[in-house]
Amino acid sequence: HVIGGGDALVLMPTGGGKSLCYQIPALLRPGTAIVISPLIALMQDQVAALEQLGVKAAFYNSSQEAVVADAVVARLVRGELDLVYVAPERLLTPRFLALLERLQAGPGLALFAIDEAHCVSQWGHDFRPEYLQLAVLGERFPGVPRIALTATADERTRVEIVDKLALKDARLFIS
């Protein structure tokens, strides 16, 4: 569904393979996939595992020195990365949004993966207000599929995720 360009909400238990639901489409679609995650340690682990498999991946977050972050941006602009992991706070900066617009013109954006999507819920224990602003991705990049992923979401939270992220005609996948 995502490979074909559709939006999706994926609900799977921890360790159930959520990452594969965006990593495989990221490799099959043209352009770079942008993975939004609030967890810096998870970004680092995912990138290290992907690099071991020969996947061109990087992260862009506040743990990096400026020279390292700039090198990631340069690789991104040159189309050298399949996946880039970024925290929502970094993604929503005017600089990074402008970079995404530049990427959309070429080399392209494969998809947006919104990990830990339950953070959009004001009823959740780890509500992150930045997640509410991620609907801007659908507004600014309407042709780029978005996949929201979480291990924790009751019916009310699922509806809220789809609504707050403005996922259009999103298919729901529950495992």
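**Exercise 1. The largest pocket**

Task: In this predicted model, find the volume of the largest pocket, and describe which residues and elements make up its lining.

Solution. Begin with the volume, which for the largest pocket is about 230 Å³. Next, turn to the lining, which consists of 16 residues, and note that K18, S19, L42, D115 and E116 are the closest to the centre of the pocket. Then ask which elements contribute: α1 (18-28), α2 (40-52) and β6 (146-150) each give at least two residues to the lining, and the largest share, three residues, is that of α1. Finally, sort the lining by class, which gives five nonpolar, eight polar and three charged residues.

**Exercise 2. A nonpolar patch on the surface**

Task: Name the residues that form a nonpolar patch on the surface, and decide whether I24 is buried, partly exposed or exposed.

Solution. The patch is formed by I3, L20, I24, L27 and L28, which together have about 470 Å² of accessible area. Now take I24 from this group, a residue placed in helix α1. Its relative accessible area is 44%, and since the class of partly exposed residues lies between the limits of 20% and 50%, I24 is partly exposed.

**Exercise 3. Salt bridges between parts of the chain**

Task: State how many salt bridges the model has, and work out where the partners of the pairs R146 with D7 and R140 with E101 lie.

Solution. As background, side chains of opposite charge can pair when their charged atoms come close. A salt bridge is counted when a side-chain nitrogen of Lys or Arg is within 4 Å of a carboxyl oxygen of Asp or Glu, and by this rule there are seven salt bridges.

Consider R146 and D7, whose side chains meet in a salt bridge with an N to O distance of 3.4 Å. R146 is in strand β6, while D7 is in the segment before β1 (8-11), so that this pair, 139 residues apart, links distant parts of the chain. To judge how covered the partners are, recall that buried means under 20% relative accessible area; R146 is buried, at 2%, and D7 is likewise buried, at 2%.

Consider next R140 and E101, which meet in a salt bridge at 2.6 Å, N to O. Because R140 belongs to helix α7 (residues 136-140) and E101 to helix α5 (residues 94-105), the pair ties together parts that are 39 residues apart in sequence. Here R140 is partly exposed, with 33% relative accessibility, and E101 is partly exposed too, with a relative accessible area of 36%.

**Exercise 4. A salt bridge within one helix**

Task: Explain how R158 and E155 are placed in helix α8, and then find which residues are joined into one network by salt bridges that share partners.

Solution. First, R158 forms a salt bridge with E155, and their closest N and O atoms are 3.2 Å apart. Because the two residues are three residues apart in helix α8 (residues 155-164), about one helical turn separates R158 from E155. R158 counts as buried, with 18% relative accessibility. As for the network, salt bridges with shared partners join D7, R146 and K168.

**Exercise 5. Distance in sequence and in space**

Task: Locate G106, and state how far G106 and L20 are apart in sequence and in space.

Solution. G106 is found in the loop between α5 and β5 (109-114), where G106 is partly exposed with a relative accessible area of 41%. Along the sequence G106 and L20 are 86 residues apart, and in space they are 25 Å apart, C-alpha to C-alpha.

Note on methods. Residues numbered from 1 in each chain as written. Predicted model: local features only at pLDDT ≥ 70, side-chain atom pairs only at ≥ 80, totals over all residues. Heavy atoms only, no water. 1 Å grid on protein atoms, 1.4 Å probe; cavity = no way out; pocket = protein on both sides within 12 Å on 5 of 7 lines; lining within 4 Å. Points joined across faces, edges and corners; volume = space filled by probe spheres on them. Helix = DSSP H or I, 4+ residues; strand = E, 2+ residues; numbered from the N terminus. Nonpolar A, V, L, I, M, F, W, Y, C, P; charged D, E, K, R; others polar. Patch = residues over 30% accessible without salt bridge, like charges linked within 9 Å, V, L, I, M, F, W, Y side chains within 5 Å. Areas by Shrake-Rupley, 256 points an atom, 1.4 Å probe, with all protein chains shown as cover. Buried < 20%, exposed > 50% of the residue type's maximum accessible area, 1.4 Å probe, protein only.
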